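This report describes how the parts of one protein model are packed together. Please keep the sequence and the coordinates at hand while reading.

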Amino acid sequence: MQHNDYILTLSCPDRTGIVYRVSGLLFELGCNILDSQQFGDDETNRFFLRVHFNLPAAATEASLREQFGALAGAYGMDWQIHDARRKARLLIMVSKQGHCLNDLLFRVQSGQLHAEIAAIVSNHNDYAGLAASYGIPFHHLPVSADTKAEQEKQVLALVESEQIDLVVLARYMQILSPEMCVALTGRAINIHHSFLPSFKGARPYHQAHARGVKIIGATAHYVTSDLDEGPIIEQDIERVDHTMTAADLTQVGSDVESLVLARAVRSHVEHRILLNRNKTVVFR
């Protein structure tokens, strides 16, 4: 990242001249475009653009936003300008399976993810020590059917007080209420296994082993009130075979879940994802 790096993301009805007008405005402001990616969807007639650029010291972010706002209005753009130097603030939610949490902690600490973990929330106390070893506040917030509403209020209060940009459900084994999903629209990512065929409920990898599954995988998606059906961000698979035990499948599944979630979080914090109705455009 350079000193005055910014990232512009936008979507709008597709028409001629969009890239010309955007790049022309950046040129007039003396900006240097470092990377640009675009996509036009014929099905939705929407155009998507991500531009990473350097703003000269003589220009201000306020003037950039003011001038771009006028252009955006003329084209009906949904747009955002992000300071690329700013690290996204994450809140990670976890239950008793810690592989995704541990992976994200390492990636953030080692600088592989341009983010900071502001807090960890769990309905169990298992990973309080792990959080302490990284110097991250750990919030043990037990939940039951009777306390769910109050517990979710506590989580949302943390989101607000800690200025959280993204909530990561790192194998958090609780279903969020519709109200919680709405409050976190576009800023909560979940990870779950993906089997062919699909197995739900307890011990899914053991179910898969019993059925002789040959492919397992994972899906990361934005959280919506439709359980595990939000816009997909990232997926991957691994092949397995008859020689592998249920424990082997669980280990392979843990690895692919961790990798897929990390990729999805990276895409979000680097502002590479744009919503396209119930799908996503993910720029590389």
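## Terms and basis

Contact here means heavy atoms within 4.5 Å. The model is predicted, with local features requiring pLDDT of at least 70 and side-chain atom pairs counting only at pLDDT 80 or more, while totals for chains, interfaces and linings use all residues. Residues are numbered from 1 along each chain as its sequence is written, and side-chain values use heavy atoms, with hydrogens and water left out.

## Nonpolar cores

Val-265 touches Leu-90, Leu-104, Leu-113, Leu-166, Val-168 and Ile-189, residues up to four places away in sequence not being counted. Val-265 is also among the residues with the most contacts inside the largest nonpolar core, together with Leu-90, Leu-104, Ile-117, Ile-120, Ile-189 and Leu-261; this core has 35 residues. A nonpolar core is a set of buried Ala, Val, Leu, Ile, Met, Phe, Trp, Tyr and Cys residues joined through side-chain atoms within 4.5 Å, where buried means under 20% relative accessible area with a 1.4 Å probe, protein chains only.

Among the elements that each supply at least two residues of the largest core are strand S5 (88–94), helix H3 (99–109), strand S9 (188–195) and helix H8 (246–269); helices (H or I, at least four residues) and strands (E, at least two) are DSSP runs, numbered from the N terminus. H8 gives the most to this core, with seven residues. A second, separate core of 23 residues includes Leu-8, Phe-68, Met-77 and Ile-81.

## The four-stranded sheet

An open sheet of four strands follows the order S2-S3-S1-S4 with antiparallel pairing, two strands being paired if DSSP finds at least two bridges between them. Its edge strands, S2 (32–41) and S4 (78–83), each pair on one side only. Strand S1 (residues 5–13) and strand S3 (residues 46–54) are joined in the antiparallel sense over nine bridges, and the bridge partner of Ile-7 in S3 is His-52.

Helix H1 (residues 18–28) lies across S1, S2 and S3, running at about 20 degrees to S3, whereas helix H2 (residues 61–75) lies across S1, S3 and S4, running at about 165 degrees to S4. For these angles, axes are lines fitted to C-alpha atoms, for helices over the stretch in contact, and values run from 0 to 180 degrees between N-to-C directions.

Note on methods. Buried < 20%, exposed > 50% of the residue type's maximum accessible area, 1.4 Å probe, protein only.
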